[in-house]
Amino acid sequence: MKNSNLKPWLYLLPAIIFLVLFMVYPLVDVFIYSAEEEYNSASQTYSGIGTYNFSYVLHAPFFLQALKNTFILVIITVPLSTGIALLISLGLNSITKLKDFFQTTFFLPYVTNTLAVGLVFMILFKKTAYSEGMINLLINAFGGKSVDFIDGPYWAKMFVLCFYTIWIVLPFKILILTSALASVNQDYYNAAKVDGTGRFRIFTKITLPMISPMLFYLVITGFIGAFKAYSDSVALFGTDLNAAGMNTIVGYVYDMLYGDSGGYPSYASAAAVILFAIVLTITCINLMVSKKHVHYT
Amino acid sequence: MKVVLKHLTKQFPGPNKKTPGTIAVNDFDFEIPDGKLVGLLGPSGCGKSTTLNLISGLETPTSGQVFFGDDDMTKVPVENRGVGLVFQNYALYPHLTVEENIIFPLQNLKGEQKLTKEQMKEKALEVAKLVQIEKYMERKPKALSGGQQQRVAIARALVKMPKVLLLDEPLSNLDARLRLQTREELRRIQKETGITTIFVTHDQEEAMSICDLMVVMKAGIVNQIGRPQDIYDDPINLFVAQFLGTPPINVFTGRVENGKVIVNGDDVFDAPGVPDQDIYLAVRPEGFIPNGTRFRYMRERREIMGRDVSIIFTHENALNPNNRAIVSAEENIPEQPGEAFFDLKPAKTFLFSRETEERIRF
Amino acid sequence: MDNNLSYKNIEKKAKTRNLILKILTYTMLGIWAVMVLFPFYWMFLTSVKNYGSYNAEYIPKFFTLSPTLENYSDAFTAVPLGRYFVNTLIFTVVTTVLMLLVITFAAYAFARLKFKGKDLLFTLFLALMMIPNELVVITNFQTITNWDMRNSFLGLILPSITSVFYIYLLKENFEQVPDELYYAAKVDGTSDIKYLFRVMIPICRPTLVTVGILKVIECWNSYVWPRLITDDSAYFLVSNGIQEIRENGFGRENIPAMMAAVVVISVPLILLFLIFRKKIMEGVSRGGTKG
């Protein structure tokens, strides 16, 4: 008996060790850090427990800029990417020829390195003294004025960031939605057609309710993921995001940890905890909304 | 509204370009009269569901036409045909209540046919009462039993006053007790509304009991069309004879020689004018006269059923190891096994060509 | 007949409407396909453009008349791209292999073995899935620094090994192996370990392969952690290596060479994807729907 109780734990041991070391312990630690004031990583001392770190972070201009950027990113990309993914999935579901080709193509961004491809985007969108850049070529062709999307006005930079973010997250959403759409029982559609239902009504009254759990899942994870945006921005604007004014909350956390200011785990922790709180709140709101709108079979 | 199928064929594409696909519906050409309850009957894979789909428009034919009355509906899309369809699995919208399910088709009416909310509710209530489901209007489908769900499905199909009502295996998902009850319900509803109703089933007893007209199919080909009793009494081929009737018909191999049917050396039946050939001799259970002189058989046992007595017997030339004759209880049937003789009632005895399985009439 | 006419009308309308919808659909899909593929095309195109001619283009050209491979050689010589590549290879392979080992044992324990507290422990594991990486990184950074593992493979690999998510996926798959097989094996005197290696793993190989591939993709594209703990370029991976090149290397001046580097980095995964396409998409989809 004793033997058999011990063995499973042995099997689990490696997993448990890694998880505790690199997940549980850090979690607890971060909360402690965020509360310890004026932590000095060199001497490993701190002056007291309080909310100083939080107030520091909440007043730091770089953090506020990052907060603003992140919020705008979230508000724009989550609804847009989900909506576009839905449209594309509907389209994919309705065709037979070339379906494979499209599905493969659309999934490509998922397996690519965000940093690497971000560079390409940077080149396409950037306007330098030597070259207009690909995108500007397009804009000019439509009669618009050239804009530097990488080093230019804020709205242009935000635009590229949103566009690139949507580009990156779309594959996953398309994949989930196409399988959700495919799982709706064809009989419901047939019944609706026999009842003389028009296309749009079928979509709103049958398709949407049937895929609402998946749709909702994408919205929740979409929000969570968007709040954690970081590497997309770096890919476009470089590691010094503050200089470009395009930092994100997560970027600020890393800056505090490692960047030029170097070694302020307390501030980093505080910022991280704030982020966590925001994400938790939004998720709770989402969950409450879903109770009303999502239909689970 | 009568439904006319003109040389209707549906062939499904094969797995690749070389192999042709199955022909599910092969040159169906018949008319379903207005206001009747018609059954499409046959074993699985005979094409009955496909026929239903062709009539409703969910499938398009490879060739041929579908008419509602005098209108050619062949190319008209599903949503414009005005049929009501009750799916085998009911396909009730799970996220809507019973009332909302029933109202759904009404909300699609446009233009001058558009109804107000009150009118829709009224109609829904009316048809719900017809199928006796009005007590459950507020429930969602998953809170209903199978039989109740089906009634909702019927209500939803009827509420828009369709020209044709189609039902796909309406009774197969119900337990035996409910099946009998629902069968009668269907008949009652059809008589009350007078809508041309076509339903698909593989259960011949079901079809026989309520249809005005039956279409018996096998492997995409219509074998026989007619009233249930007519088909039972006058089957056109061996398949139809075997498919209808419970208990099933008893079949033996034999031969016609000199106007007489010879089975296993015995002269069992007269067939004047029939050319010599190998045949199948088929006899309904009620077609055996006990204590006869011509048809030799080996009695295994008897079953007393009050009003009738069943004689279970074997025969060398029988297609089935167990054969059943049903006779009146007043006949004297010994209990122990043994050899005995039957005489055959001509009205219940059929000859089929061994080669073509077609009925030999004489 | 009046009725017939209106039906003909309906037929016609339906036909045209279907056609229009089809055209619109294909157009929309086509547009997005172009938007997805164009960056790759551009990436590749630029990487073979001659340095001189690239910089001379005020208006970018869609093609090049004189493709060259010299950017590739530049990419490997001017910066230690080869080194980054090898590092990433080592990191990816070691991490994936170790992870597969760890989660196989863990999933096996949860799926097949009986022990006290199993359910509680698994629930705890699941709860861990909710912890965002960003929180955890902070302390891990401190930990690794304290253990003096900055700029080392160990530092890169260790925190990246476990993922509760993959344990969960694998456990589900293990649980689908019928109990009877286990009992039969036990009766034959098979030890648990033997059963794991002789029966479970072969049966569940597809899932293991999928999980492995997903982890490979994750490792190959990993940026944040390497960026945080390595500042010695000898230990850079491709992603932070690329970043380094962009800012301090020839990034500013030699775009074609940069693109060559980017192509080199992206190609392995793209190839992997094209080969294992169905598996990858299935795996991600299952993972997504289980979430």
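Start by selecting the contact between chain B and chain C: ten residues of chain B and eight residues of chain C take part in it. Keep in mind as you look around that this is a predicted model. With both sides shown as surface, the area buried between chain B and chain C is about 750 Å², and carbon and sulfur atoms supply 54% of that. If you go looking for salt bridges across the interface of chain B and chain C, the count is zero.

Now hide chain C for a moment and stay with chain B. Colour chain B by secondary structure and you can pick out eight helices and 21 strands. Turn the C-alpha trace of chain B along its principal axes, and the span is about 75 × 50 × 35 Å. Chain B has 362 residues, and 53% of them count as buried. A contact map is a good companion here: among contacts in chain B between residues at least 6 apart in sequence, 66% link residues at least 24 apart.

Next, switch on the surface of chain B. Its accessible area is about 16800 Å², with 48% belonging to carbon and sulfur atoms. Then colour the charged side chains of chain B: there are 46 positive and 49 negative charges, and the mean positions of these two sets lie 6 Å apart.

Move on to chain A. Here the cartoon shows 13 helices and two strands. Of the 297 residues in chain A, 57% are buried. On its contact map, take the pairs at least 6 apart in sequence: 65% of these contacts in chain A join residues at least 24 apart. Shown as surface, chain A has about 12800 Å² of accessible area, and carbon and sulfur atoms hold 68% of it.

Bring chain C back and select its contact with chain A. You should find 95 residues from chain A and 98 residues from chain C in the selection. Together, chain A and chain C bury about 8400 Å², of which 76% is on carbon and sulfur atoms. Salt bridges between chain A and chain C number zero.

For the last stop, zoom in on helix α13 of chain C, residues 238–248. Is this helix mostly covered or mostly open? It is mostly covered, with eight of its eleven residues buried. To see them, show Val238(C), Ser239(C), Asn240(C), Gly241(C), Ile242(C) and Gln243(C) as sticks, then add Ile245(C) and Arg246(C); each of these is buried.

How values were computed:
Residues are numbered from 1 along each chain as its sequence is written. Chains are lettered from A and ligands numbered from 1 in the order in which they are written. This is a predicted model: local features need pLDDT of at least 70, side-chain atom pairs count only at pLDDT 80 or more; totals for chains, interfaces and linings use all residues. Side-chain values use heavy atoms; hydrogens and water are left out. Helices (H or I, at least four residues) and strands (E, at least two) are DSSP runs, numbered from the N terminus. Buried means under 20% relative accessible area, exposed over 50%, partly exposed in between (1.4 Å probe, protein chains only). Contact means heavy atoms within 4.5 Å. Accessible areas come from the Shrake-Rupley method with a 1.4 Å probe; for residues, only the protein chains shown count as cover. Lys and Arg count as positive and Asp and Glu as negative; His and the chain ends are not counted. The place of a charge is taken as NZ of Lys, CZ of Arg, CG of Asp or CD of Glu. Buried area is the accessible area (1.4 Å probe) that two parts lose on being put together, summed over both. A salt bridge is a side-chain nitrogen of Lys or Arg within 4 Å of a carboxyl oxygen of Asp or Glu.
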